[in-house]
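Open the structure in your viewer and keep the selection tool at hand. We will go from one stop to the next, and at each I will suggest what to pick and say what is there.

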Amino acid sequence: MINQLLLEKFSHQLDNSIIKDISENGIIQIFLKNDIVIDIDQELKFIPLLLNGSIKILREDQNGNELLIYFLESGETCTMSLTCCMETSKSKIRAVAEKSSTLVMIPVENMQLWFEGNSSWRNFILESYQKRFDEMLETIDTLAFMKMDARLYKYLKNKTVMHDSNMIKIKHQDISEDLHTSRVVISRLLKTLENEGKIVLSRNKIKVL
C-alpha cells in the first residue's frame, strides 16, 4: 500500500476516494536516468503516474531514428499509454527517464473502472489528453515552421524549466537524437547560439542565459 502523502500533489485534481484507491492498488516503481519505462510494441498492463522526476516520450521511425514528442513532468500521466490501454493495443511510443523518476503504476482494469465511476479521475484523464494534444500540435508547428536553431534554443529553454536550473548537463549527441538531426549540426548551432550570447558551452554542460 502506498502512503497517501506521496500522492498529495494529485489532491487538487483527484478526490479522496480515488487517492485512497490509488494508494491501495498502485505500485511504486523507480527508474534511473535513461531507463526505459515503456517501450514500443510493449503490451501495457499498467499506466504511469509520475510522482517526481521527468520522462521523455519518443516515437521511432522505420529506420530506428527517434523523435521527441513531449516530456512528462511531476503530477502527470502519459495519455499515449492511456490510449493503448483503452484499445488494448501495444505501445506506439517509448518512454525514457530523463532523470531518476518515481512512478505509480496503475493496473489497466482499475484505470478503466475509475474512468466510468469517478468524475475527478475522468476529468484528470480528459485534461491530460487535452494538454498532450496541445503539446503535440506545438511539436508539429515546431517541426513545420521553426528553423533548427530556433528549435534547439526552445528545446534548451524547456530543459531549464524542467530541471529548474539554467545549467543543463547534456551531451551534443543526446540533443541530436531528441531533435532528430546530426551531432555535427547540433554542435555547429550550439556554437552559433554561444556567439549570439544566448548560451555558454562547457564540457557536457550548457548554461542558458
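**Stop 1: strand β5 and its partners**

Select Ile38 to begin: Ala95 in β5 stands opposite this residue. Bear in mind as you look around that this is a predicted model.

Ile38 brings us to strand β2 (residues 36-38), which pairs with β5 in the antiparallel sense over two bridges. Now keep Ala95 selected and add Ile57, which also stands opposite Ala95 in β5. For the wider view, colour strand β3 (residues 46-60): eleven bridges join β3 to β5, and the two run antiparallel.

Next, add strand β1 (residues 27-31). β1 is antiparallel to β5 as well, and five bridges join them. To find your place along this pair, click Phe31, which has Ser101 of β5 opposite. As a general point, strands of a sheet pair through backbone hydrogen bonds, either parallel or antiparallel.

Before leaving, show β5 (residues 94-107) as a surface. How many of its 14 residues are buried? Twelve are, so β5 is largely enclosed by the rest of the structure.

**Stop 2: where α3 meets α4**

Move on to Phe115, in helix α3 (residues 108-117). Leaving out residues up to four places away in sequence, Phe115 touches Trp121, Arg122, Ile125 and Leu126.

Now show helix α4 (residues 119-145) next to α3; their axes come within 6 Å and cross at roughly 110°. Since angles of 65 to 115 degrees count as roughly perpendicular, that makes α3 roughly perpendicular to α4. By class, the contact between these helices has six nonpolar, two polar and two charged residues. To display the α3 side, select Met111, Trp114, Phe115, Glu116 and Gly117; on the α4 side they meet Ser119, Trp121, Arg122, Ile125 and Leu126.

**Stop 3: across to the three-stranded sheet**

For the next jump, draw a distance from Phe115 to His172. These residues are 57 apart in sequence, and their C-alpha atoms are 42 Å apart in space.

Then select the open sheet of three strands, which has the order β6-β8-β7 and antiparallel pairing. Which strands are at the edges? They are β6 (167-169) and β7 (199-202), each pairing on one side only. On average, neighbouring strands in this sheet are turned by 20° against each other, direction ignored.

Zoom in on β7 and β8, an antiparallel pair with four bridges. Click Ser202 here, and you will find Lys205 as its bridge partner in β8. Now bring in α5, which packs on the sheet and touches β6, β7 and β8; the direction of α5 makes about 90° with that of β8. Add α7 too, which lies across β7 and β8 and runs at about 130° to β7.

**Stop 4: the largest nonpolar core**

Finish with side chains. The largest nonpolar core has 19 residues, and those touching the most other members are Leu152, Tyr155, Leu156, Ile175, Leu190, Ile199 and Ile206. Which elements give two or more residues to this core? They are β4 (66-73), α5 (148-163), α7 (183-195) and β8 (205-208).

For a last selection, centre on Leu190. Setting aside neighbours within four places in sequence, Leu190 is in contact with Leu152, Leu156, His172, Ile175, Ile199, Leu201 and Ile206. Among these is His172, the far end of the distance you drew from Phe115.

Technical notes:
Residues numbered from 1 in each chain as written. Predicted model: local features only at pLDDT ≥ 70, side-chain atom pairs only at ≥ 80, totals over all residues. Heavy atoms only, no water. Core = buried A, V, L, I, M, F, W, Y, C linked by side-chain atoms within 4.5 Å. Buried < 20%, exposed > 50% of the residue type's maximum accessible area, 1.4 Å probe, protein only. Contact = heavy atoms within 4.5 Å. Axes fitted to C-alpha atoms, helices over the stretch in contact; angles between N-to-C directions. Parallel < 35°, antiparallel > 145°, perpendicular 65-115°, else oblique. Nonpolar A, V, L, I, M, F, W, Y, C, P; charged D, E, K, R; others polar. Pairing = 2+ DSSP bridges.
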